[in-house]
Amino acid sequence: MLDGKIDIKKMIANQRQSMPFNDGDYEQDGVYYCGVCKTPKETMHETLGAIRQLCDCKKKREDERELTQKHTKFENRLAHFMEGLDHDPVSKEWNFTNDDSPQSIPSLRLKKYVDNWDKVVNNNIGLILEGDVGTGKTFYGHCVVNALLHKFIFAYVLNLPNFIIKLQGSGFEADKLIKKVQAFDLLVLDDFGATRTTDYAIECIYNIVDGRYRKRKPTIITTNLSLGDFMKKDVDITTRRIHDRIMEICVASIHVDASPRRVKKALEKKKMTNEILGI
Ligand SMILES: [Zn+2]
């Protein structure tokens, strides 16, 4: 009869036969180590013998491979989400790391919005980004979307005036396009209020906003309108209906001011243009 010690030794020898050992791997105190990262490739158990484990460098490679696979899967699904919708490749560069005012209130609050995404989505928290033309509302909308895409969350900035034009030319595809934008986890409705208010445009905007409200999916609105404009009573009934819905889902508003650097840049550009044109 064999004693327990011999059994364990045999068991370990058998287990090691199927282990992926490489040149440079070495044994120390009865445990095999990776020759590259010098971390163990197995742990010893009193009765179970040598239990295989990933050394640090193998684990890192596996994690990277998994991340690449997850990324590819996400990109494929995103491409499906985006089918038929416009996408400006330049906007990929618009993210918080390129923000020239990273300590500004809009920047800090929107970063918190992204960081607390689980709470945002559970409570269906929408926002209004309001401010004058050229203050960076669209930029911040893209910052939020790009940060969420980085977290594998389906988000999209929809330029509302362009989308309305697209819908008008898309005939029976219009409903399909509206359903598409309703499906994103986060939708930024960019330039709300700049659209010429035809009955058709109002109906489309209402369908988008209301559909997302019903699906409990957060929406961010960027607009040149003030909060006072949203509260106005002396507007037509359909506009009133959209404004009421927006105020219901966008529970907070963030005022976006032109940053000093952005103003300086704009002035420099204006000066340069004047020089070129001899003004
Ligand atoms: Zn290793």
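Here are a few friendly notes on this predicted model, covering its domains, one helix and one loop residue.

1. Ground rules. Local features need pLDDT of at least 70 and side-chain atom pairs count only at pLDDT 80 or more, while totals for chains, interfaces and linings use all residues. Residues are numbered from 1 along each chain as its sequence is written.

2. Domains. The protein chain is assigned domain 1 (1-82) and domain 2 (88-265), with bounds from an automatic or database domain assignment. Their centres, taken over C-alpha atoms, are 47 Å apart. Domain 1 gives 4 residues to the contact and domain 2 gives 5 residues; contact here asks for C-beta atoms, placed from the backbone, within 7 Å.

3. Helix α10, residues 237-249 (helices are DSSP runs of H or I, at least four residues; strands are runs of E, at least two; both are numbered from the N terminus). Its 13 residues should span 18 Å at 1.5 Å a residue, and the end C-alpha atoms lie 19 Å apart, which agrees. The expected span is 1.5 Å times one less than the number of residues.

4. The two sides of α10. Ile242, His243, Ile246 and Ile249 are buried (20 or more other C-beta atoms within 10 Å of a residue's own; exposed means 12 or fewer). These buried residues pack against β5, α8, β8, α9 and β9. Turned away from the buried side are the exposed residues Ile237, Asp244 and Glu248.

5. Asn123. This residue sits in the loop between α4 (117-122) and β5. Asn123 counts as exposed because it has 12 C-beta neighbours inside 10 Å.
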